[in-house]
Every structure is written in structure tokens, then in C-alpha cells.
Protein chains: 2
Amino acid sequence: MNFQLTKDILSDLKEYILTGQDSKIISFISDLHPADIAEVLDEIKIGEAIYVFKLVDEEKAPDVIVELEDDVREKILESLTSKEIANIIDDNIDSDDATDLISELPIDKISEVISLIEDEEQVSDIVDLLAHPEDTAGGIMAKELISVHSKWTLSKTFRELVKQASDIDDVYSVYVIDDDEKLLGTLSLRRMLLNSKEPQSLIESIYNDEDLISVKVDMDAEEVALLMQKYDLIVVPVIDDDGVLVGRITIDDVVDVVTEEAEKDYQMASGISEDVESDDSVIVQLRGRLPWILIGMFGGLLAAQVIGRFEAQLSIIPAMALFIPLIIATGGNVGVQSAALVVQGLANKTLKLDNLVGKLLKELSVGLINGLICAVLLYGYAFLMDFGFELANTISVSLFIVILFSSLFGTFIPIFLNRIKIDPAFATGPFITTANDVLGLFIYFMIGQLMYSL
Amino acid sequence: MNFQLTKDILSDLKEYILTGQDSKIISFISDLHPADIAEVLDEIKIGEAIYVFKLVDEEKAPDVIVELEDDVREKILESLTSKEIANIIDDNIDSDDATDLISELPIDKISEVISLIEDEEQVSDIVDLLAHPEDTAGGIMAKELISVHSKWTLSKTFRELVKQASDIDDVYSVYVIDDDEKLLGTLSLRRMLLNSKEPQSLIESIYNDEDLISVKVDMDAEEVALLMQKYDLIVVPVIDDDGVLVGRITIDDVVDVVTEEAEKDYQMASGISEDVESDDSVIVQLRGRLPWILIGMFGGLLAAQVIGRFEAQLSIIPAMALFIPLIIATGGNVGVQSAALVVQGLANKTLKLDNLVGKLLKELSVGLINGLICAVLLYGYAFLMDFGFELANTISVSLFIVILFSSLFGTFIPIFLNRIKIDPAFATGPFITTANDVLGLFIYFMIGQLMYSL
């Protein structure tokens, strides 16, 4: 059942919509997985998507709407009445997805929709989840989980499991709690089966409490992602300050956190605001891209000011203009490298910040060696091309200093931003190259002044 | 049990190692999760890590070695005899991790280690897995899974599950196969429990075959990652060409694939070869960084050649030197943006390549508008600063053309690389900025010639 969306499928579907052949549309989508239906809806015009969505059967509709791209979902939700939205949330949809849906609605619609949901447990779960900030464990957890009491017998546990599992087809972990609903441990399928010959044995004598890893409800979502990756967890229980089991997070939700974070860092490094994709409209792309180009342009004007100050020098030694691109490009490249290593180290927690001086010293060594090698090569080139002693000296020494300086600057800035609680990824991309351009030029012309003893 | 590695812990440990207080080391590590022990070993000197690793008990050793950073693992494996490595793999370690370990050994040691493993099933699993390329479903799958035959009764199934699950404590899915071991569907805990009152019922009347998603053994690992993300799968069964169940992939292995891919793209965009981390030694950093700096430097020398060709022009209009940084920096920024959007779109499959002309036309629109806005702003600036008509014209028109050109160039190159099966991420970073620098300068001076009618 590996669905492949083709142009033919889309043009057939558009034809059915145009000619109102609902039965053909229904038979087409009835074979599809909700994620595939969502993929189709993302690809067609929004009016068509709304038309098709209303033909999706009740059972699949919740999963389809969860999988849609944000802008398509927003438009489809707008086309639905509060009652219709409440119906979608009433049917089998996990509480975390239900909460995400609700929180995307306009404020005035939220309470109306909630009041129309009939399943009382769902309502209390949603109200509870809405109270947690989006980027915490509480914000990404779901309330659906299977829990059993430590004082229960195995036979009661079996009966309860059948009851509780009626909503949840995939059971990843059965949690064991005490009378105060505090999390004690987990009960594996294997231990259940091993003891199934003695249905009167108590859970407290069977369950596993070794190596139990849980997260606090207010833990940062990214920290949860790192913890689940580190300990290779598929699902992790969430507890409150008293140790009471309040929810669970499965790794598929965490994968989204990881992916979004990585994409954000990548876009920042490329000088794009975080929410732009290649398929977005021209307007959205301009909004995400133009500001960064303008920052770069502003840096270019500053650079022009710097060169302007040294115009007299440039008219005496016009050959200095030739190496402006070399100096600023190399400075930019080195600065971006250094900053990217810090940003990545901070993101995956491999960078230990308790040794900032050590980090800068190492970067200094790398910069020194890179700088030396490049400077010697450039000196050799200048010698071969017969540029003359002063120019060869000026460009080689400048390149060396600029590489050294950019290494330190590129390392220090993101660490500094991180310390004052600004996203260090800002330091990559146009920002750091621009700053490097201006400072690199200044160094270049100052060294030139020295070398030519002007 | 959230372990936090501190300087104090490390200095205590180093003290124990120095003074040979093995009992203290053993009691320290016995409380730790294998992933935490690995974290500690990654932080201390390699000699110390080897010392501590030999004190890790047999049960934890396999998990510890799997979690280590690549270079530390390599060194520790070097310090072990083939017999010791075979013992680690013999104990409870999943076949996929065992295979990863084996494939990291020197060629001549591989067969020796395999011949020393006593568990025959493990040996045949490893030999089987070694045959699959690393970046396919077969290369990341594990052979450990729970499968039951469709003709079995429920009571036989329970007995078999207890047996099979003795190795596997976390059971995520029970697979149902036919007499030819072909995958038929899954058996959920809920359906087992629901039918537990009738132990003689056959599995074929109980199991679930709806919405069964599986992957072929030769599917690309990245495709598997995207499919699991799309369908929110925690685990996916792997089948061969005949539909025979051969393994399973859990999402924690896929998270690693996703993360590594994102980190690779990010490092490429920042001009770093893929295997460098902030904590790596100076030598490793130089190896990953210097080549990119040299590429940039080479571009700088080409740029010098271009400017050199126009030296006569530059001596007539020295003010043109002022805007060299502006032109090349803006071209670079725009090119990197465009390339990054394509690379990201290709990575997460949101970019549909069947409409290449449409894609280039959209990029052209974005480039046109960006270029117009920037050119007008720059013209205004030049007017205010009283630069004169020719210079204002030259820099504005050049900027416009460079932005347009860089947009198209940055879009086209990664698409082209992708088509000829080269990683499109090469097009980001120093490569594209360097190419843009040289071509941007050429455009700039040609426009200058025109405007000043030289």
C-alpha cells in the first residue's frame, strides 16, 4: 500500500470535482491512508480540497486534518462549523492532536467548539493540555495511555486492559501506578504472559521498576527529544511535580520537534526566516528572504564607507582593490564555519560550555594553522605572479589576521547570544558574513598602510 | 534517574582511575544507564575510557559500546581481543547494533570475531545483515521480532510469545505470517486479550490486516525515514521481494538517519565536511575545514583576475571599488537562499521536480521583486550621497542583474546536481558563493563599462 501521487491521479480527481462525481471521489479516497488523502489535499486548490474533505468518512476525517499542511488545515477549519469541528474532535483523535487543532482556531471559536464536544473525558484532557506551553513536555504529550494499579490482580488487569485498550490500538507501554496515581514502573507483555498461569498474582509482584525513565511536565520539548534519542526511547511517561502520571510522549511527536529545529537552523544559516518553503508563494518567500538581503546590503554599504575612507590609499596602490573579494570571502567562510560548529554543538548538546576559554583556545589553534597555510600559499602565488614585496606582504598578513579574527569572532558571537538567551543560529548566515566583511576590510587597509608605510 | 554529568564527577572518576580504586569505579557505574556510562567515557581520555570500560559488567557492556562516539568506540574496540568482542556481541545486543559494530572492525578481524560468536542465530543474522548496503532498509533493520503463524491457536501463540519475548523486553508489534513466512498482518495486544477467553481460536480469525504498511528490504533508508514520519509509524516490518518478513525497523534508528542527514546538509551549507564536531581535535577540524577555505581562496584569486582585467576602468572610476563588497555579498546571500530552499525541498520531498520550468519562473519572480526593491533603495542612497548619475546607474543596475542571476543560478545548480546524482547540498556553502562572487564582479564591471560608455 505504498501510495504514489501522480499528475494523472490529480487531473482525474479535479475532473471528478468539476463534474460533481462524488461517488468516484469517495471510492478513490476510501482506499487511501489518511496521510495520503492529506497529501492529495495539500496539492489541489483550496476550494477543491474543502470539497473533497467533506466527502471523507467520519472515521478518517480526524487523521486527515491532523496530517494536512498548516495553511490548508487553517482554510478547511474555516470552512467548517463549530459543530462539525467538535464532531471531528469527538471521534477517535488523540488528545494531543485535538489540542493542537483547537489551539489553531480563532480565540472566539475555541470555547464554542469545546462546549460542543460530547466526550467529557476528551474535553477535560483538552482543557488540561491547553494549559501547558507548546514547547514543553506537557505541550507535546497525549493523555491517552494504559495504566494499571499495583494492587490489582493479573486477571483484573487483563479485564481493565481490554477496556482501556478499546480506544488505543497500539499499546507501547503499560504503566503501573499506586493509589495516588504516582508512577511506579512498567508492565511488559512478556511479564504478563509469563505470569498468566497465576491470574491472582498482584501486579506489584510482577512489574518492572528498573531503569524507569520519565520526564517532568514542564521539561523543555527539545530536551525531551534529546533525552529520548539518548536513551533510545519509543515512548516516555510524563509526570508532574508529585510524581503523578499525567501523560505520555511518543517518539513520532519528538521527531517533528527535531526536524523542525534542524530545518530552522539550516534556514537561518542560509539567510531565510524560519517559515519559508520552496513551494510557498512569491509573497511568503519575499517576506522570508528580503530582510536578510537588506541586512547584507546594509553591510555592503558599510563596507563602501570603509573603502571610501581609504580611497587615497587605493589610488596610490590600485592593486589593493583586486584582493578585496579574497579577503572578505575568506573571512566570511571561516566565520560561518566557526559559528556553525558552535550552533550545532549547542543544538545537540555535545558542546560543553563550562570550558569557554579552552574552546576559544582550540579555535585559535585551528585559526592559526588555517591562517598560516593560506597566508603561505597566497604569498607563494603573489611571488610567482610578481606582485611586489609590499603587496605580497599586505595580502598575506591581512589574510592571516582576518582568518584568525573570523575564527574567534564566529565562535564567540553564538556563544554570547546563547548566554543572553537569543537563538545562537542568528549568528550564522548573512549576519556574521556581513560583520566579517566590514571588519576584514578595515584590517586589510590598515595592514596596507603599515606595509607601504603610508 | 536523570543523570547530569558534572566536572566533579569527572575529577572524582579520574582520581579513582589514577589510584586504581576499581571498587569505587564499579559502584559508580553500576548505578548508571549504559547511555550515561557512554557519555562519561566520551568525556575522559581514551586510556581512562578503556580502563573504565573493562570494569563495566557484561550485561551493560554491549549497550555502552553501541552508545559511544565513533572515535572512542574505535579505540576501545582496538584495545579488545577478538574473543572479547565476540563475547560482547554474544550477549544481549540487537542484530542491527551487532552488525554495525562488526562492520567498523578492520577487515581481517571481522571473520575472526564472527567465528568466535557462539550464538548461531546471531551469527546468521549478522551475516545476513552485512550483505545489505548501509543506506537501505536492510542496512538499518534488526532481525529481532516477534512473529506468529496464522494457523496457530491463541494458546499456542501465548506460549510462543513468552518464548520469543525472552530476548525482547519491549514488544511493539506482533507480526502474523503464513506457512511461507510471508507477512500477513499484525496482532495487537488488545485483540489477543479480547479473545483470551477462547484459547482455541485461530490467529487467522483474529489478526488485523488493514492498513498494513511495510517496506522492501532494498528501499533507501532516507525513504524509510520519510515514510515512517508520514504515516507516524513507531516500527515498520521489512519484507523481501517475495513478501517474506525479514526484519523490522524501529523509529529510533530512523531518527538517527534523519538527524545525520540534517546535520550533513547544515555542515555543507556552512562549508564544513560532514564529520566534524565542535569537540573534535584540531587535526580533525583542519581536515574538515581547510579544503573549503582553500576553495573560497581560489575563488578570491579568480575574482582578483576579473578585477585585474578591468584595472584601467578602475583607475578611471576609482569609486567602483567601493561597491565590490556590496555586489558580491548580495549575490552570495541570494544564491545561498535559493540553493538552500531547493536542498531542503529535495530532502523533505516537498519539492516536486516534475515542474522545473514553473519552479524557475517562480524563483525568477522572487528575484525580480527582490532585485527591484534593492536596486531602487540603492539608487536612492546613491542619490542622497550625491554619487553622480553614472555610478548610481552602474551599482543599481548591477545589483538588480546580480540578484536575478544569483536566484536562478542558486536554484538551477542544486537541481542539476541532484539530476546527475551528486548531493545537491554541495551547491550551498562556499561553492555557490565563490561562483557568484566571480560572475557578479564580471557583471558589475561590464555594466560599468556600458554606463560610463568606456
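**Exercise 1.** How many residues of chain B are in contact with how many residues of chain A?

*Solution.* The model is a predicted one, in which local features need pLDDT of at least 70, side-chain atom pairs count only at pLDDT 80 or more, and totals for chains, interfaces and linings use all residues. Residues are numbered from 1 along each chain as its sequence is written, and chains are lettered from A and ligands numbered from 1 in the order in which they are written. Taking two residues to be in contact if their C-beta atoms, placed from the backbone, lie within 7 Å, one finds 100 residues of chain B in contact with 99 residues of chain A. The most is given, on the chain B side, by helix H16 (residues 282-309), with 16 residues; helices are DSSP runs of H or I with at least four residues, numbered from the N terminus.

**Exercise 2.** Determine whether B:Ile307 is buried or exposed, and describe its surroundings.

*Solution.* Start with its place in the chain: B:Ile307 lies in helix H16 of chain B. Next, apply the cut-offs, under which a residue is buried if 20 or more other C-beta atoms lie within 10 Å of its own and exposed if 12 or fewer; B:Ile307 is buried, because 26 other C-beta atoms are within 10 Å. Finally, leaving aside neighbours within four places in sequence, B:Ile307 is in contact with A:Ala321, A:Leu322, B:Leu314 and B:Leu441. Of these, B:Leu441 is 134 residues away in sequence, yet 7.4 Å away in space, C-alpha to C-alpha.

Terms used: Helix = DSSP H or I, 4+ residues; strand = E, 2+ residues; numbered from the N terminus.
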